[in-house]
Amino acid sequence: MPPPRTRGTALRQRLAELRGPGVPAKALDARALAALAANPGCKRRALLDGAGVNKAVLAGALGSPSAFGQSQFALTRGNAFEAKVKADGGAELLRLVHERLDPGAEPPASAGVPDLTASGPEGRTARTALALREATGPAHGTWTLLDHPMLALEVAGSPAFLEPDAVVVHPDGTWTVVEIKSFPMLDGSADPAKVGAAARQAAVYVLALEEVAARLDPAPKVRHRVLLVCPKDFSNLPTASAVDVRKQRAVTSRQLARLTRVQDIADALPEGVCFSPELPAEQLTAAVAAVPATYAPECLAACELAFHCRDRARAAGAVTSLGRSVRADLGGLSRVDDVLAAARGEAGDPEDPAVAALRRAALLRAEALGAMCP
């Protein structure tokens, strides 16, 4: 007699059915988990990522191939810059950590760089946990640099293996996540959108590190200020900034908790819904449409299905296609036709602040056009 199915087993079986027969799950990485935090209200992304659906393949099967991702040139440039930052045993990187995050500590004249080589992601995760334990023990009080450690974070009942650029153990035993990016930092500041994306990604690593720390006694502190390292101005010289990721960590934590409840989203789907790329385009389109989406222009930089969702949002006249700030300003008006009708005075409650503002804007526009055309 087969063992009874637990809720976790039933969930994994349900997610496998959604992917389709024989379709392997696509492992989530930190970029994907960070993108979830950028649009926490999208049930479509939550379900597809929780089920391990390859959204790039799905987008191609839907006829809306994605251009999402880094170019080969950007990857090569990023790898070269990271190698420069970590040269000489990470001396420059540790100097930046000391300068920006821990100036009161002993300067890092030397540091331990443990070998994290192991077989498979599970082996590397265990080796990383051991290295962190050894670097944090009472016998130590020096700087330690973990180059590309492997961390694990449970997502929808399965482990997601994550690989930060570096983790630094301070002499006081605290841990810091280091993110190395190839976009420039001009006059001490960088593109806010890119910094925000890097902060969300670093927050994922902070959450995973906290799980490792929780298994130690006493549990070391994982710092919520991470180090973002970028090229200085237009050179290839590294500079750095401390970034507080407490807000991003809280949002990501809530979204990951929501992912563990993808069963609720899946249970609301019609019978037989499947996202296998082998299905006919019409059936696949209907399956995707069965899961509510929350599209915003910001999705174009973070989700492989963004072009498909944008086309559907525009076809439906949804104001979300104009941006989240516009959507928030329009209150209960969710369709472009309703907005235009309200502006013309054909619909809407005049007491509604959004309707009143639209009519005032329409009046001002008419006056301006009338003044231009005597």
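Biologist: Which residues of α5 meet α6 in this predicted model?

Modeller: The contact joins helix α5, residues 72-85, to helix α6, residues 87-101. On the α6 side the participants are Ala87, Gly90, Glu92 and Leu93. Their counterparts in α5 are Ala83, Lys84 and Val85.

Biologist: How do the residues of this contact divide into nonpolar, polar and charged?

Modeller: The residues in question come from α5 and α6, with Lys84 and Glu92 among them. The division is four nonpolar, one polar and two charged.

Biologist: What is the orientation of α5 relative to α6?

Modeller: The axes of α5 and α6 lie 6 Å apart and form an angle of about 90°. Angles of 65 to 115 degrees count as roughly perpendicular. The orientation of α5 to α6 is therefore roughly perpendicular.

Biologist: Is strand β6 largely enclosed or not, and how many of its residues are buried?

Modeller: Trp175, Val177 and Glu179 point one way from β6, while Thr176, Val178 and Ile180 point the other way, and all are buried. Strand β6 is largely enclosed by the rest of the structure, because the buried count is six of the six residues.

Biologist: Which residue stands opposite Thr176 of β6?

Modeller: Strand β5, residues 166-169, pairs with β6 in the antiparallel sense over four bridges. Their hairpin has five residues between the strands, and there Gly173 takes a positive phi near 90°. Opposite Thr176 stands Val168.

Biologist: What is the handedness of the crossover from β6 to β7?

Modeller: Strands β6 and β7 run parallel and are joined by three bridges, and Ile180 has Val229 of β7 as its bridge partner. The chain passes from β6 through helix α8, residues 192-214, to β7. This β-α-β crossover is right-handed.

Terms used:
Residues are numbered from 1 along each chain as its sequence is written. This is a predicted model: local features need pLDDT of at least 70, side-chain atom pairs count only at pLDDT 80 or more; totals for chains, interfaces and linings use all residues. Side-chain values use heavy atoms; hydrogens and water are left out. Axes are lines fitted to C-alpha atoms, for helices over the stretch in contact, and angles run from 0 to 180 degrees between N-to-C directions. Helices (H or I, at least four residues) and strands (E, at least two) are DSSP runs, numbered from the N terminus. Angles under 35 degrees count as roughly parallel, over 145 as roughly antiparallel, 65 to 115 as roughly perpendicular and the rest as oblique. Contact means heavy atoms within 4.5 Å. Ala, Val, Leu, Ile, Met, Phe, Trp, Tyr, Cys and Pro count as nonpolar, Asp, Glu, Lys and Arg as charged, and the others, Gly among them, as polar. Buried means under 20% relative accessible area, exposed over 50%, partly exposed in between (1.4 Å probe, protein chains only). Two strands pair if DSSP finds at least two bridges between them. A crossover is right-handed if, with the strands pointing away from the viewer, the path from the first strand over the helix to the second runs clockwise.
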